Amino acid sequence: MTIRVIRPGALTTVQDRGRFGWQRDGVPVSGAMDDVAYRVANWLVGNRSNEAALEATLTGPALKFEEATAVAVTGADMDARINGDRLPPWHARRVDPGDTLTLDGARRGCRAYVAVAGGIVTDPVLGSRSTYVRAKLGGHQGRVLRRDDVLRTAPVPGDAARAWRPRGVDVGWLHLRRQVARIIAGPHLSMLSAASRRELYTCDYALSPDSDRMGLRFQGEPLRLQAPVEILSGGVAMGTVQLPPGGVPIVLMADRQTTGGYPRLGEVATVDLPVLAQLCPGDRLRFAEIPHAEAEALHLERERELARLCTFLLTPS
């Protein structure tokens, strides 16, 4: 099946769950910024968790379908419509040949995920279809989508497309609208001055327009170290909170580098990474401290909830 891009949106790329196993060679993981929204989009149309989908940032694409299939939109509310009829976020519907799905500017959140039954098919690079634009790696020709691009999807049985029924999920339990990101203390947190350690957890930060898929830059009161320091570069992960020379934290995200030489103040709890992924420039955020054990427990409980949702959505009715 093919899909034609009528309008590409501001920054729309093909993503899956990421390119794992290559960080030792300097290759970023990439993958969906909001892994929860991405996975649920796939389950809504009957896909496995790792089928490639589209990630749209701030403004979404317009897509024309050439065959009957099912399509789901999750994450940010971009006023998705099928032939002008509203498709709410976290919902999926059947589309017929000639139907057009349009996403506009984000009303709430930053990134929307568009999944299609069967998943988007591109040539895998190092085991992943995720797009890493800086290196022109993976995805659709290693770049963001453009007008008149044609995307292919994996075939699904014809009767499955005809029999498919609309569905949606209530994701209130995900707490995605909270404006707090909880941090597990990192190896260099103690290098902050006592005043800056307090400020890290009491000040509001605004997301800078300079943010991207590599990292989220914030604007706010600069934090200060007790003394100048030079540290050895070390491994970083999605959610690593670094302190650059300007003193305002950066949180590394999906397209992060593999090592970093700035002080590492901590790691954002995995359960809160979707909150960060859905921040728009100017949105305000506060950091809070969380013990490692509590962060792990919250993550495991979230995964249990998602496993139940996956079973529900993928079990034939």
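This text walks through a predicted model, from its sheets to its cores, its salt bridges and its cysteines.

A convenient place to begin is the open sheet, in which six strands follow one another in the order S2-S3-S10-S5-S8-S13 with antiparallel pairing. Its edges are formed by strand S2 (12-15) and strand S13 (167-168), each of which pairs on one side only. Within this sheet, strand S5 (residues 69-77) and strand S10 (residues 108-116) run antiparallel and are joined by six bridges, and one position to look for is Asp77 of S5, whose bridge partner in S10 is Arg108. Helix H1 packs on the sheet, where it touches S2, strand S3 (53-57), S5, strand S8 (91-95), S10 and S13, and the direction of the helix makes about 155 degrees with that of S5. As general background for reading such pairings, strands of a sheet pair through backbone hydrogen bonds, either parallel or antiparallel.

Further along the chain, both senses of pairing can be followed around strand S22 (residues 284-289). Strand S14 (residues 180-185) runs parallel to S22, and four bridges join the two; here Ile183 has Glu289 in S22 as its bridge partner. S14 also pairs with strand S21 (residues 264-268), this time in the antiparallel sense and over three bridges, with Ala185 standing opposite Gly266 in S21. S22, for its part, is joined by three bridges to S15, and these two strands run antiparallel, so that a reader tracing the pairing will find Asp204 opposite Arg286 in S22. S15 in turn is linked to S16 by two bridges, again with the strands running antiparallel, and Ala206 stands opposite Gln219 in S16.

The nonpolar interior can be read next. The largest nonpolar core has 51 residues, and those with the most contacts inside it are Val40, Phe218, Leu276 and Phe287. Helix H1 (residues 35-44) gives the most to this core, contributing seven residues, and this is the helix that packs on the six-stranded sheet described above. Leu276 illustrates how distant parts of the sequence come together: leaving aside its neighbours within four places in sequence, Leu276 is in contact with Ala181, Leu216, Phe218, Val251, Met253, Val268 and Leu285. Apart from the largest core lies another, of 25 residues, which includes Ala56, Leu101, Val116 and Leu145.

Charged side chains add another set of links, since side chains of opposite charge can pair when their charged atoms come close. The count in this model comes to 20 salt bridges. One of them brings together the side chains of Asp35 and Arg39, at 2.9 Å from N to O; because these residues are four apart in helix H1, they are separated by about one helical turn. Asp35 counts as partly exposed at 22% relative accessibility, whereas Arg39 is buried, with a relative accessible area of 6%.

A salt bridge at 3.0 Å, N to O, joins the side chains of Asp255 and Arg213. Asp255 lies in the loop between strand S19 (250-252) and strand S20 (259-260), and Arg213 in the loop between strand S15 (204-207) and strand S16 (215-219), so this pair ties together parts that are 42 residues apart in sequence. Asp255 is buried, with a relative accessible area of 5%, and Arg213 is buried as well, at 8%.

In helix H5 (residues 292-314), Glu305 and Arg308 are three residues apart and therefore separated by about one helical turn, and their side chains meet in a salt bridge of 3.2 Å, N to O. Glu305 is partly exposed, with a relative accessible area of 27%, and Arg308 is also partly exposed, at 47% relative accessibility. Beyond such pairs, Asp77, Asp79, Arg81, Arg86 and Arg107 are linked in a network of salt bridges, and Asp77 is the residue already met as the bridge partner of Arg108 in S10.

Finally, how many disulfides does the model contain? The count comes to zero. The sulfur of Cys110 is 4.4 Å from the closest cysteine sulfur, in Cys280, and this is too far for a bond because a disulfide calls for sulfur atoms within 2.5 Å. Cys110 is buried, with a relative accessible area of 3%, and Cys310 is likewise buried, with a relative accessible area of 18%.

Methods: Residues are numbered from 1 along each chain as its sequence is written. This is a predicted model: local features need pLDDT of at least 70, side-chain atom pairs count only at pLDDT 80 or more; totals for chains, interfaces and linings use all residues. Side-chain values use heavy atoms; hydrogens and water are left out. A nonpolar core is a set of buried Ala, Val, Leu, Ile, Met, Phe, Trp, Tyr and Cys residues joined through side-chain atoms within 4.5 Å. Buried means under 20% relative accessible area, exposed over 50%, partly exposed in between (1.4 Å probe, protein chains only). Contact means heavy atoms within 4.5 Å. A salt bridge is a side-chain nitrogen of Lys or Arg within 4 Å of a carboxyl oxygen of Asp or Glu. Axes are lines fitted to C-alpha atoms, for helices over the stretch in contact, and angles run from 0 to 180 degrees between N-to-C directions.
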